[in-house]
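Student: I'd like to go through this one and check what earns each label. Can we take the terms one at a time?

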Amino acid sequence: MNHRLASQLPHLVRFNFPPLKYAFAYGSAVFKQKGHEKFHDDFEKMVSQEGEARIPSEPVNLALRDRKKLMVDLVFVVSDSYEWHKQNLLLNPEHYSWLMRVVGPKMITLLQERFGAKIYYNTMVELKESHSTTSPYLFKYGVIKAQDLIDDLNNWETLYVSGRLQKPTFEIDVSNPLSRTQKTSEQAQHATNSSLPTQTSPYTLQKVIDWHAEIVKAQEINLEHALFVALKMMVNDLKNSNTLSPESGDQYIRINLFDLFVRIASISYQGDVRMKIKGAENANKVMNIVTTNYELFIKLYKPIFDRNGMDIKKEAEHTSSSDHSSSYIQISPQQIKNVIEQKPLPSTVSKTIDSKHVSSNSASSKITNEQLENAISHIVHRSSTSQTLKGILSAGFTKSIMYVWEKIKKGMQKH
C-alpha cells in the first residue's frame, strides 16, 4: 500500500468536498501492482523531491504526464446525490465538464442514478492540500448514493462498485469535515434563488440512518457472496475433473488460497467491456493484483473463513511467507454439502440465471460454472458498457480522450 498517500487522503477529502457518509480509495495508485513497483517508487521520489523544493505558495511543478500515470481512484458515498452535487458545484465547479456545469445538479443526479452503474465520475482533478498548496496527485472520484451502493453490495445489481470492494481497498475517514466544506455547505443552503428547487430528502421524516453501519453490514454480505461463488466454481472444477475424492484417507479437500483469490478478483472483470478492448487493460491485471496484495486479501477474507470453520494452513515444507503457492484451506465433504452448496447466490445472479430458463431455485450444486459465468458476465457487461458511455458525457470529450489514452498506454505495458 502507498502509505504516504493513504495518510494524506482523509485530510484531502475532508478539506475539498462536502460531507460524505463513506469513502474509499482503490486501484494501482494506492495498492501497488506487480510490474508497477519501480514506477511507484520513482513517482514517490519525484513527489518527495518536489515537495521539499517547493514553498507553500508555489504551484505543483511535476509534469502533467507524470501525474496522470498514477491517478488516484476514489469512491464517495452520499445520502442525497442532488444536495451533494449542488454543494460540490459551488465548491469545485472546475471538476465538472462544461456541459455538466450548464445542466446543473438535477441533471447530474439523473445521469448518476438512472444510467450505468448508478455512479457519477469526475476525472483528472486536482485537490487542495491547503488554501495555498495543491496535491501533486491527480484524482478520479465517483459519487454514488448510499442506498444504491447497499443494493449493489447485497444483490450484485451492477457488480461495479461491489466488485471493487471484493478486492483490498482503503477506507477513508470522512468524519468531521473541515471548515472549507462547511462554509460551502452554508452557501448552498442559502442559494434558494437558484433556478433549481431544493429537493426534500426522503428520509427527513424518518429516523436518522447510520449509513456507515449499513454499508459495513452490506459489505460483509458482498464479501461472503464473492468467497462462496468462487468456492462453488472451484468445487465444480474439482467435480468435473474427478479429483473431488479423499486422498490417502484424508476426508478434507484442499483449496489453494492464491488460486481462490485470483478467482474472486476475476469476478468483476468477467464481461467487462474494457477487458475486451485491446490495450485498454493489462491482460495480467487480475494476477498482478493478487500477487502484490496477497496478504491484504488474507486479511480481508480471514474473518469469513473463521466464521465458517475454514482454517488457513501451510505446507510443512514451505516456510517462506512470500511463497503464495503453499497456503490453502481445508474443506470437508460436509462443508461442501451443507455450507458451500447451500449458500444462496446474489439475487441478481439468480434472476439472470432464471431469465435464461434455468431455475436457480433448484439445488445450488446443479448450477454449472458456465451458467454462473454467463450470468456474471451479463451483469458486468451491461453496467460497464453503459458506465463507459456515461463517462464520456460526464467527463467531456477532451478529458475522456486523455483518460482513455493513459489507460491504453498503461494496459499495453509488458509485465
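Tutor: Sure, starting with burial: a residue is buried when its relative accessible area is under 20%, exposed when that is over 50%, and partly exposed in between. By that rule, 50% of the 415 residues of the chain count as buried. Keep in mind that this is a predicted model.

Student: What does the secondary structure of the chain come to?

Tutor: 17 helices and eight strands. As for how the chain is wired, residues 24 or more positions apart account for 79% of the contacts with a separation of 6 or more.

Student: Why do S6 and S7 count as edge strands?

Tutor: Look at the order in the open sheet of three strands: S6-S8-S7, with antiparallel pairing. Strand S6 (253-256) and strand S7 (312-314) each have a single partner strand, so one side of each has no neighbour in the sheet. From one strand to the next, the twist averages 45°.

Student: How do you know that S7 and S8 are paired?

Tutor: Pairing takes at least two bridges, and three bridges join S7 to strand S8 (residues 327-331). The cut-off is met, so the two count as a pair. The two strands run antiparallel, and Lys313 stands opposite Tyr328 in S8.

Student: Which helices go with that sheet?

Tutor: Helix H9 (residues 211-240) lies across S6 and S8, at about 125° to S6. Helix H10 (residues 257-266) packs on the sheet too, touching S6, S7 and S8, and its direction makes about 60° with that of S6.

Student: What makes Lys145 and Glu113 a salt bridge?

Tutor: The side-chain nitrogen has to be within 4 Å of a carboxyl oxygen. For Lys145 and Glu113, the closest N and O atoms are 3.8 Å apart, so the pair passes. Lys145 is in strand S4 (residues 139-145) and Glu113 in helix H5 (residues 98-114), 32 residues apart. In general, side chains of opposite charge can pair when their charged atoms come close.

Student: Why is Lys145 called partly exposed rather than buried?

Tutor: Its relative accessibility is 23%. Buried needs under 20% and exposed needs over 50%, so Lys145 falls in between.

Student: How many salt bridges does the structure hold?

Tutor: Ten. One of them joins Arg263 and Asp237, at 2.6 Å from N to O. That pair ties helix H10 to helix H9, with the residues 26 positions apart. Asp237 has a relative accessible area of 33%, so this residue is partly exposed.

Student: What joins Glu220, Glu224, Arg307 and Lys343 into one network?

Tutor: Salt bridges that share partners. Among them is Glu224 with Arg307, where the closest N and O atoms are 3.2 Å apart. Glu224 sits in helix H9 and Arg307 in helix H13 (residues 294-307), 83 residues apart. Both ends are partly exposed: Glu224 at 21%, Arg307 at 48%.

Student: What makes Leu99 eligible for a nonpolar patch?

Tutor: Members need over 30% relative accessible area. Leu99 has 34%, so this leucine clears the cut-off. Leu99 lies in helix H5, and its patch also includes Trp98, Val102 and Leu393, with about 420 Å² of accessible area together. The largest share, three residues, comes from H5.

Student: And how much area does the chain expose?

Tutor: About 20000 Å², with carbon and sulfur atoms supplying 54% of it.

Note on methods:
Residues numbered from 1 in each chain as written. Predicted model: local features only at pLDDT ≥ 70, side-chain atom pairs only at ≥ 80, totals over all residues. Heavy atoms only, no water. Helix = DSSP H or I, 4+ residues; strand = E, 2+ residues; numbered from the N terminus. Axes fitted to C-alpha atoms, helices over the stretch in contact; angles between N-to-C directions. Contact = heavy atoms within 4.5 Å. Buried < 20%, exposed > 50% of the residue type's maximum accessible area, 1.4 Å probe, protein only. Patch = residues over 30% accessible without salt bridge, like charges linked within 9 Å, V, L, I, M, F, W, Y side chains within 5 Å. Areas by Shrake-Rupley, 256 points an atom, 1.4 Å probe, with all protein chains shown as cover.
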